[in-house]
Amino acid sequence: MSELTPMMRQYLEIKADYPDTILFFRMGDFYEMFLDDAVKASRILGITLTCRNKSSDGPEIPLCGVPFHSCAPYIAKLIEAGEKVAICEQTEDPKLAKGIVKREVVKVVTPGLVVEDASLSPKENNYLLALFEEEKRFGLAYLDLSTGEFRITELADQAAALAEVTCIGPRELILPASYRDPAQTKALVSITAGRALTYFEEWVYDSDYCKRLIANQFKGATPATLGCDGLPVALLAAGAVLHYLVDTQKGSAPHVTSISSYFESEHLLLDESTRRNLELTATISEGKRKGSLLGLMDRTVTAMGGRKLKQWINYPLMDLKKIVERQDAVEELLGQPGLRGELRDLLSGVYDLERLNGRISLASASAKDLAALKGSLSRIPGLKERIAGLNAKLLRELNAGTDPLDDICSLIERAIVENPPFVLREGGIIADGYHEELDELRAISREGKGFIARLEAKEKSRTGISSLKIRYNKVFGYYIEVTKANVSAIPEDYIRRQTLANAERYITPELKEYEEKVLGAEDRIRDLEFALFQEVREATAAQGERIARSADRLATLDVLVSLAELAHDRGYCRPEIHEGSELSITEGRHPVIEEMHSTERFVPNDTFLDNSENQLIIITGPNMAGKSTFMRQVALITLMAQMGSFVPAEKSRIPLVDRIFTRVGASDNIARGHSTFMVEMMESAAILRGATAKSLVILDEIGRGTSTFDGVSIAWAVAEYLHDNKLHAAKTLFATHYHELTELAVTRPGIKNFNIAVREWNERIIFLRKIVPGGASHSYGIQVARLAGLPQSVIERAKEILLNLEKGEYVEGGLPRLARGKQKSAPSPQLSLFGAADDQLRERLRNVEVTTLTPLEALNLVDELKRLL
Ligand SMILES: Nc1ncnc2c1ncn2[C@@H]1O[C@H](COP(=O)(O)OP(=O)(O)OP(=O)(O)O)[C@@H](O)[C@H]1O
């Protein structure tokens, strides 16, 4: 330390308090970074790394910097890379400072707490989430600082908590310090990977401290007045979020005005793999919005609407009344295409009010933001007028609850010019007529400028120098410039200030007097304008809660219009939601695949499921026939129905479903240390544990990740369990290539067989895509392999092997192949595991010559038959 300059000592002292951030250390017009920070930041930002003290005796110090007036993109880039940035400002005027200038960290920008547009995507929330665990309860609290939304919930097991975190998709996590333990770290890898992490010691999660933080943030509120006292563990997590907020934002975040809590039971539950498998908000292959259900459904025109729609997809409702209210609104809007167009036009001029509100509260909004707020609010009266005549309850409530915020609109209208500049301290923001003193100063400034123009003319004629000019620069202020050739003609009262190669610059007392007046006025104008702007911003911030409420209503309106637009474009029907058990879909389609299909017409299919005779449907059929598509479409239609959306079908009756489970495809998770088959079995186990009679279960080829015999046995037992165990008897769609499973329908009354029809033609198959009753007998795997382009020689060889396997089956039993040949009318040329023993019994009996049988032979025969059986 002793070798260091006082400034570096100050830097290191401040840095010690912010070890896991990159410290932006303000020095004049730059933010400088030193040492390890400089090395890391220069790499991420692609800027030059230099060295301080290179020539002197002291230690070499790596250094890099970014200009303070254009630091935003640099900060955004560091945040994007998952770093946190502490902004350290000079907190006293360097001109007045004795010794080293005082400096302080004024805020820490972190990935979970950014509010600048450059670091956010419009239709995605940006959450900071705290997870806390106490007595086997898992509390989650998450905040989007950019919009002020703060939600908490509590879950009873770790898997559900992790699934919820994945669904929320926070950018940054706060975890208890005990989670640094390697065992915990491993268990949490699914949520921690790729996210910024902060660990808090136990004292932060203290109930009294939490109550104090809540009272501070929410103006004296208590957990009870916020309606959150039923979620004690989640509240402690909320405390951690507030603690972090105080720590990083230094000031307050007044637009965070309440906490809303929710319970698992309020929503149709979807576990992590189901969300992924059904590609609700992102595709499996590329993780993109496009191609997902959200991508298809999103016809919103505001960023707020886009975020809300995502929430509706992630949290379908369980409350019949609320679903019907949404449906009523969608139906009414669907019936009025002209009105819908007008509403969309008006809404598309509404900026992201939630984020504007956030920036206004955090005092980071520019005058442009205020103008955008005014422009957006000015759309509200038109919107209200247009929905005023509608009948649906939700629309009437939306209308009543949307505050046009006239007072804010007219304040901004009066105070801020039409098209204000982005920079705040250069003036040009406040409108004429808003403030008397400002108007006077502006008059002086204008007049002063006019005076200078007149003075220039006067001096030209006095000196006879026609090229004489009065100019201005930052160093000398106003001056008179005369070319070298005319210098002899200058009057005596000219005072020389500067000599250039071919000109001289002068001032006169008269010029300086006016300069003072003009420049003094301009300085004052700039200061006054900034102060007035801050006043307007503060007055607007004080109405943050009202702005937030209106913003929420407009977002809902946008989503409802979007759902109506979708229903209109794609010809959807209104599902009848009911509390019973029957799920019936007529001519249902897969919403995403039908839209992607441009060449092949999407073939609609019917579905009927209930909790008695059609509880579990075994679906067989060739590869590529459309089994997965069919099952997913049933799940998606159910989910869309519970969101309040219309659905891709001619007609549908959907029971309230408490959970949708899917076990689809081979998704392995090597990162979590599980093989493909292990994941498959873990997901199946979770389904058997969690499914209820009100659930919908989609099982796509379970058991295929292991040997055929093991696979069939597991699939068989799982189907039986879901049928026999009434507590877990969920409505189930079960696709399989194990045709043996079709036999379950014989003994189990709730199990039915369906298959997806194909037609054979010249050794090829034609997919009809129609689901029909009965089991299939053939997988046509080899034909599909041929379609996929497997070499002809491989296809031929596969056919030979298949034939041998089929024949070999019967030879192994020791029975004559000829007899088997006569049996050819038997339904299945497919390798039949369970049919073999039956066939052998039958063959054996058929060959018995009863008339010549001795009693002993008869006895032996019975014994043999029993053994065969
Ligand atoms: N009803 C339909 N109408 C038109 N095309 C369809 C339909 N259903 C499925 N398809 C098309 O068939 C393709 C294969 O469907 P899907 O993956 O559902 O078959 P599968 O029977 O599950 O196959 P596998 O047994 O090989 O997994 C889909 O990608 C889709 O393009």
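# Reading the ligand shell, a helix pair and two sheet regions

The shell around the ligand draws its largest share, three residues, from helix 23 (residues 627-643).

User: Before we go on, what kind of model is this?

Analyst: This is a predicted model, so let's read it with that in mind.

User: Which residues come nearest to the ligand?

Analyst: A good habit is to start from the ligand and work outwards. Here 13 residues surround the ligand, and Asn-623, Gly-626, Lys-627, Ser-628 and Thr-629 come nearest. By class, the shell divides into five nonpolar, five polar and three charged residues.

User: Where does helix 23 lie with respect to the strands?

Analyst: Helix 23 lies across strand 18, strand 19 (583-588), strand 20 and strand 22, and runs at about 115 degrees to strand 19. Those four strands form an open sheet in the order 18-22-19-20, with mixed pairing.

User: Which strands stand at the edges of that sheet?

Analyst: Look for strands with a single partner. Strand 18 (576-578) and strand 20 (605-609) each have just one, so one side of each is left without a neighbour in the sheet. From one strand to the next, the twist averages 15 degrees.

User: In what sense do strand 18 and strand 22 pair, parallel or antiparallel?

Analyst: Strand 18 and strand 22 (residues 651-655) are parallel, with three bridges between them. To find your place in the pair, take Ile-577, which stands opposite Ile-654 in strand 22. One general point helps when you look at side chains: in a regular strand they alternate between the two faces of the sheet.

User: Which strands does strand 26 join by bridges?

Analyst: Strand 26 (residues 751-761) runs parallel to strand 21 (residues 616-620), and five bridges join them. In that pair, Ile-619 has Phe-754 as its bridge partner. Strand 26 is also joined to strand 27 (residues 764-773), this time antiparallel and by seven bridges; there Val-758 stands opposite Phe-767.

User: What should I look for at the turn of the hairpin of strand 26 and strand 27?

Analyst: Check the backbone angles. Two residues lie between the strands, and Asn-762 takes a positive phi near 50 degrees.

User: At what angle do helix 7 and helix 8 cross?

Analyst: The axes of helix 7 (residues 207-217) and helix 8 (residues 232-249) come within 9 Å and cross at roughly 60 degrees. That crossing angle makes helix 7 oblique to helix 8, and the crossing is left-handed. Residues making the contact include Tyr-209 and Leu-213 of helix 7, and Leu-235 and Leu-242 of helix 8. By class, the contact has eight nonpolar, four polar and no charged residues.

Conventions: Residues are numbered from 1 along each chain as its sequence is written. This is a predicted model: local features need pLDDT of at least 70, side-chain atom pairs count only at pLDDT 80 or more; totals for chains, interfaces and linings use all residues. A residue is near a molecule or strand if its C-beta atom, placed from the backbone, lies within 6 Å of it. Ala, Val, Leu, Ile, Met, Phe, Trp, Tyr, Cys and Pro count as nonpolar, Asp, Glu, Lys and Arg as charged, and the others, Gly among them, as polar. Axes are lines fitted to C-alpha atoms, for helices over the stretch in contact, and angles run from 0 to 180 degrees between N-to-C directions. Angles under 35 degrees count as roughly parallel, over 145 as roughly antiparallel, 65 to 115 as roughly perpendicular and the rest as oblique. A crossing is left-handed if the near helix is turned anticlockwise from the far one by less than a right angle, and right-handed if clockwise. Two residues are in contact if their C-beta atoms, placed from the backbone, lie within 7 Å. Two strands pair if DSSP finds at least two bridges between them.
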